[in-house]
Amino acid sequence: MSNTSNTPKSQDSQNTQDAPRNERGGTAEKRPGTMEVLRKAGAQFAELTGLEAESVSSFERSEDGWQLLVEVLELARVPDTMSLLASYEVKLDPYGELTGYRRVRRYERGRADAR
């Protein structure tokens with residue numbers, strides 16, 4: 001007779017059962033690092049809007065998650081300095097999942113802020 005209770009598969013299922021639960025009802029997840037969050041946010045934003053991020057001009061981590069300011073090309077023009085860009089405020093939960101976004105500014109590439 002063999003004892004199967006000490007097999008790796010049994011130990012893995014036991015470890016999963018003993019793992020702390022998070023607010024999503026699953027086992028506790030390690031929160032992603034900054035670069036992982038930025039990459040994931042860019043991919044999610046592009047999938048939702050069809051706009052590719054040119055840059056992230058700011059990001060901030062808080063207790064509620066992350067807040068990014070993403071610069072995107074909205075309308076390509078010739079010459080390139082006349083192209084229209086926009087700044088989007090992107091909000092993410094602590095695990096890097098996009099929870100909302102909104103356009104906060106639209107501007108020509110070749111123009112500096114008057115502020």
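A residue counts as buried when its relative accessible area is under 20%. By that cut-off, eight of the nine residues of β3 are buried, so this strand is largely enclosed by the rest of the structure. The model described here is predicted. Its chain has 115 residues, and buried residues account for 28% of them.

**Overall make-up**

- The chain contains two helices and four strands.
- Read from the N terminus, the order of elements is α-α-β-β-β-β.
- The accessible surface of the chain is about 8,200 Å², and carbon and sulfur atoms contribute 48% of that area.
- Of the contacts in the chain between residues at least 6 apart in sequence, 40% link residues at least 24 apart.

**Strand β3 and its two partners**

- Strand β3 covers residues 84-92, and eight of its nine residues are buried.
- Strand β2, residues 65-75, runs antiparallel to β3, and nine bridges join the two.
- Within the pairing of β2 with β3, V72 stands opposite A86 of β3.
- Strand β4, residues 98-108, also pairs with β3 in the antiparallel sense, over nine bridges.
- L84 has E108 in β4 as its bridge partner.
- K91 has G100 in β4 as its bridge partner.

**The hairpin of β3 and β4**

- Five residues lie between the strands of this hairpin.
- In the hairpin, G96 takes a positive phi near 90°.

**The loop between the helices**

- Helix α1 spans residues 8-18 and helix α2 spans residues 34-49, with G33 in the loop between them.
- G33 has a relative accessible area of 35%. The range between buried and exposed runs from 20% to 50%, so G33 is classed as partly exposed.
- The C-alpha atom of G33 is separated from that of Y95 by 9.2 Å, although the two residues are 62 residues apart along the chain.

**Points to locate in the structure**

- For the pairing of β3 with β4, look for L84 with E108 and K91 with G100.
- For the pairing of β2 with β3, look for V72 opposite A86.
- For the hairpin of β3 and β4, look for G96 with its positive phi.
- For the loop between α1 and α2, look for G33.

How values were computed
Residues numbered from 1 in each chain as written. Predicted model: local features only at pLDDT ≥ 70, side-chain atom pairs only at ≥ 80, totals over all residues. Heavy atoms only, no water. Buried < 20%, exposed > 50% of the residue type's maximum accessible area, 1.4 Å probe, protein only. Contact = heavy atoms within 4.5 Å. Areas by Shrake-Rupley, 256 points an atom, 1.4 Å probe, with all protein chains shown as cover. Pairing = 2+ DSSP bridges.
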